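Take a look at this structure. We will walk through its inner spaces and then one meeting of helices.

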Amino acid sequence: MWLKAQPTELQWFLDAAATYWEKHLPPQDHPETILVEAFHQDVRVTLRNLVFANAIRRIRPARLVVLTGVEEDWHRTLWSGFDVSLVERFSRAFGAGDVIDVYDLLERRRKDPTLPLPLAGRSLPVVEPLDEETLTRYADATYCRLAKVPRLPADHTTRADYRRRRELGAGLSALYETLFRTGTVAALVTSHVDYDQWGLQVESARRAGVPVIHTQQTGCLKAYGLFPEHDSGTGTFRAELTRQIGAVFDERIWPRRLELHSAAELIAWRAKVNLGRPSWWRGGVTAAVDLSNPAERDRLRSHVAARFGFDPARPVIAVFNHAVSDALGTNKELFPSLADWFAETAGYAARRTDAQWLFLDHPSQALYDSTGFFASVAQEHRRHRHVAFHPSAKLSKNALWSLVDLGVTVRGSVSNELPAYGIPVIQAGHSEWSSCGVSTVVEDADEYWSSLDTSIEAAKRGELTVTDEQVRRARLWLWLYRSGGDLVTPLVPQWDVWPATHLLKSMGAAFRHIESDADPLYPAVERMWRNREPMLTRTDLGAPPPAPSFSLTARMPSTMDTDPALPTGAR
């Protein structure tokens, strides 16, 4: 855990947390356990896991077991600091009965393969890991992420670093299988569901019929849940989540679109000026969009088109490169890799001279790619004057939204953000909102190329392929993601409460001074848990809405009344 705080401030917080949870939780002497992952170095990530786990323990008493540790490759690639002893102090203050350093245990088992797994005073003999196909899938994705390469090297099976990755995955899987086969695990709470140290525990939990809670690194407290009663077992965790979120959206959100209209419009306005995540990477002046009508868009469009040598009268298609090594194979993807999708789309664009193409890199590209992949594709197509490659972080939203007639991506947030302002998007893969009717989500490569053909021809005729319903759905999704599915509780400060000293002071004050009997955390978690719902929500989305006591629309900026959700381009 990375927590740079003054020692006295940290101890003050730990004392306050320990006292609070001692009074608000049942004793540890229960046969069941709740597993909590603490592999991320950011204290805010671990905080969300521990708070959610303790909220479950209020309704289902269980022993809290924290899994932590840091592995050399993760430390070298991503973590600037990770103190396992600090994780243990933090976890104990939240009532943890066991804190297991899994990488330390793996190293000791490497020297003595008979070493058992210690848990609640017992010694558990370690069982066999999962099947080779599953281990290979996670080893491949983790290797690409940590090496920051878009594809596996041709000789990866003979490389020592890849073989080590496989061995670590097998060791992790054996420990996870041992824990879940005890039959006493009530839930797994994790911040990530990808890569070996996180994903393999999710695999074991699903196979054991254990609920998986996936907390998010945004807002106050956001979480998704996959419960065994609703797990078809036919797709990855993310694929299952996509399907279930789509069902919730269609059954509970879309039918209430008139009631939620004012709130959705307010969120859409806030998203334009970036008051909140996602689009956290668009901070500062590059985040705001102050275009209010098509005429303003057209004036700016001519200026921006000239920067790229484009003709403003011809369609412009923006292709958003995803982080090429990020969580490969974790949802439905149409191409063998994200790099294959991007390179093949660039090849298609080179042949389609009847459109103009703007290829944008991921704003955090350097954290995911050590090979210069984006630059290499740009170099390959440098002779094509109708194709431009550009760093996305240097292009303001005003410029981007004035120029783009069609967005193309795999699973990035632009696929729900652009449609909210009348810009159609084609997705060559699935994301968590892909079943909500926001974008054009294609199911195979043939349909992808066909959809591009159709959309280009429509754009040439001056038509946009986004529908008014897609715009409305996109704005409702923004509301659900930023508001309806973001629980505000004093026990979890908003993500932007930072640096660490500010975070600890805020939480410490909540633990010492705010009474728990009206905290929205506990009823919200209980509702999600008992109803087996796929996402945490502020209110019961299945209940009839209360009558509004005032009009939100009257309080919104005047531009809201002239910003109808019609497919007329960015506003």
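The paragraphs below cover cavities first and a helix contact second.

This is a predicted model, where local features need pLDDT of at least 70, side-chain atom pairs count only at pLDDT 80 or more, and totals for chains, interfaces and linings use all residues. Residues are numbered from 1 along each chain as its sequence is written, and side-chain values use heavy atoms, without hydrogens and water.

Start inside. The whole structure holds three cavities of 30 Å³ or more. A cavity is a set of points on a 1 Å grid over the protein atoms alone where a 1.4 Å probe fits but cannot get out. The largest has a volume of about 140 Å³, counted as the space filled by probe spheres set on the points.

Its lining has 15 residues, each with an atom within 4 Å of a point. R137, Y138, V193, T236 and T330 lie nearest the centre. By type, the lining has seven nonpolar, three polar and five charged residues. Here Ala, Val, Leu, Ile, Met, Phe, Trp, Tyr, Cys and Pro count as nonpolar, Asp, Glu, Lys and Arg as charged, and the others, Gly among them, as polar.

Helix 6 (132-147), helix 8 (195-207) and helix 9 (237-253) each supply at least two lining residues. Helix 8 gives the most, with four. Helices are DSSP runs (H or I, at least four residues), numbered from the N terminus.

Now turn to helix 10 (residues 261-272) and helix 17 (residues 468-484). Their axes come within 8 Å and cross at roughly 80°. Axes are lines fitted to C-alpha atoms over the stretch in contact, with angles from 0 to 180 degrees between N-to-C directions. That crossing makes helix 10 roughly perpendicular to helix 17 (65 to 115 degrees).

Terms used:
On a 1 Å grid over the protein atoms alone, a cavity is a set of points where a 1.4 Å probe fits but cannot get out, and a pocket is an open set with protein on both sides within 12 Å along at least five of seven lines; lining residues have an atom within 4 Å of a point. Angles under 35 degrees count as roughly parallel, over 145 as roughly antiparallel, 65 to 115 as roughly perpendicular and the rest as oblique.
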